[in-house]
Amino acid sequence: MRAFERRVGCGDHPAVSDALELMHLLKAQGPSLGIDPSLWVSSKLDRKLRYQLEDPLSVVSGTLPRWAMVLPRLCPFLFNLKTRKMLLKYTAFGPSFAVHWTQESKVGSFLRRRATVQTELNSQNDPRKIQELSQELSNIEETTTWSSRTSGWARCRAPWCA
């Protein structure tokens, strides 16, 4: 067994090991060949990994597919930095942090906007402005709905949540 097969853990899949080894060799020669490092990012793999990470149940329960955990470690150059950071946040710190990051990605902008309006409302003395801000706060809370489509996470439909 070659050293790369042992490191990759794909001994039962020699074609995969060979392909990964070839990519590493080409990546190592890339600068001398004048290949731009950004060309190594695979938009399809990157999109597929982001799709996997957007499933809260699989992230929180730790049931991501094996490739989603192994491939970014073996070939990080295939994924953009944003996706690699997302993978780190969702998988490296345990289930409680995974829940936190998932909720933050879904409703973080809603919570920030609500806090801003609430702070502004608390500092107002003008009755008309208080009424306007109260109405806006009410609208913010109405635009957030519980949806089974998002696995029970609150989803904000307001324009500032996009």
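Accessible areas here come from the Shrake-Rupley method with a 1.4 Å probe, and by that reckoning the protein exposes about 10,700 Å², of which carbon and sulfur atoms supply 58%. The model is a predicted one, and every value discussed below is computed from it.

Along the sequence the secondary structure reads α-α-α-α-α-α-α-α-β-β, that is, eight helices and two strands. Of the 162 residues in the protein, 28% are buried. When contacts are restricted to residues at least 6 apart in sequence, 46% of them join residues at least 24 apart.

The interior can be approached through its nonpolar cores. In soluble globular proteins, nonpolar side chains tend to be buried together. The largest nonpolar core in this model holds 17 residues, and those with the most contacts inside it are L53, V59, L71, C75 and L78. Helices α3 (43-53), α5 (66-74) and α6 (81-91) each contribute at least two residues to this core. C75, one of the residues just named, also touches L20, M23 and H24 once residues up to four places away in sequence are set aside.

A second core, separate from the largest one, consists of seven residues, among them F110, V117, L121 and L133. L121 belongs to helix α7, and because its relative accessibility is 14%, under the 20% limit, L121 counts as buried. Beyond its neighbours within four places in sequence, L121 is in contact with I130, L133, S134 and L137, so that L133, itself a member of the second core, appears among the contacts of L121. The C-alpha atoms of L121 and E132 are separated by 9.0 Å, although these residues stand eleven positions apart along the chain.

Helix α7 also contains R114, for which the accessibility class is another one: with a relative accessible area of 33%, which lies between the limits of 20% and 50%, R114 is partly exposed. Apart from residues up to four places away in sequence, R114 touches L137, I140 and E141. L137 is thus listed as a contact of R114 and also as a contact of L121. From R114 to S138 the separation is 24 residues in sequence and 9.6 Å in space, C-alpha to C-alpha.

The remaining features concern empty space. Rolling a probe the size of a water molecule over the atoms shows where empty space is left. The largest pocket encloses about 370 Å³ of space, and 13 residues line it, with K82, M86, K89, Y90 and S105 lying nearest its centre. At least two lining residues come from each of α3, α6 and α7 (95-122); α3 and α6 are also helices that each supply at least two residues of the largest core. By class, the lining of this pocket comprises seven charged, four nonpolar and two polar residues.

Enclosed space is described by the search for cavities, which finds one of 30 Å³ or more in the whole structure. The largest cavity has a volume of about 30 Å³, and its lining is made up of K27, G30, P31, I35, D36, P37 and W40. These residues divide into four nonpolar, one polar and two charged.

Notes. Residues numbered from 1 in each chain as written. Predicted model: local features only at pLDDT ≥ 70, side-chain atom pairs only at ≥ 80, totals over all residues. Heavy atoms only, no water. Helix = DSSP H or I, 4+ residues; strand = E, 2+ residues; numbered from the N terminus. Buried < 20%, exposed > 50% of the residue type's maximum accessible area, 1.4 Å probe, protein only. Contact = heavy atoms within 4.5 Å. Core = buried A, V, L, I, M, F, W, Y, C linked by side-chain atoms within 4.5 Å. 1 Å grid on protein atoms, 1.4 Å probe; cavity = no way out; pocket = protein on both sides within 12 Å on 5 of 7 lines; lining within 4 Å. Points joined across faces, edges and corners; volume = space filled by probe spheres on them. Nonpolar A, V, L, I, M, F, W, Y, C, P; charged D, E, K, R; others polar.
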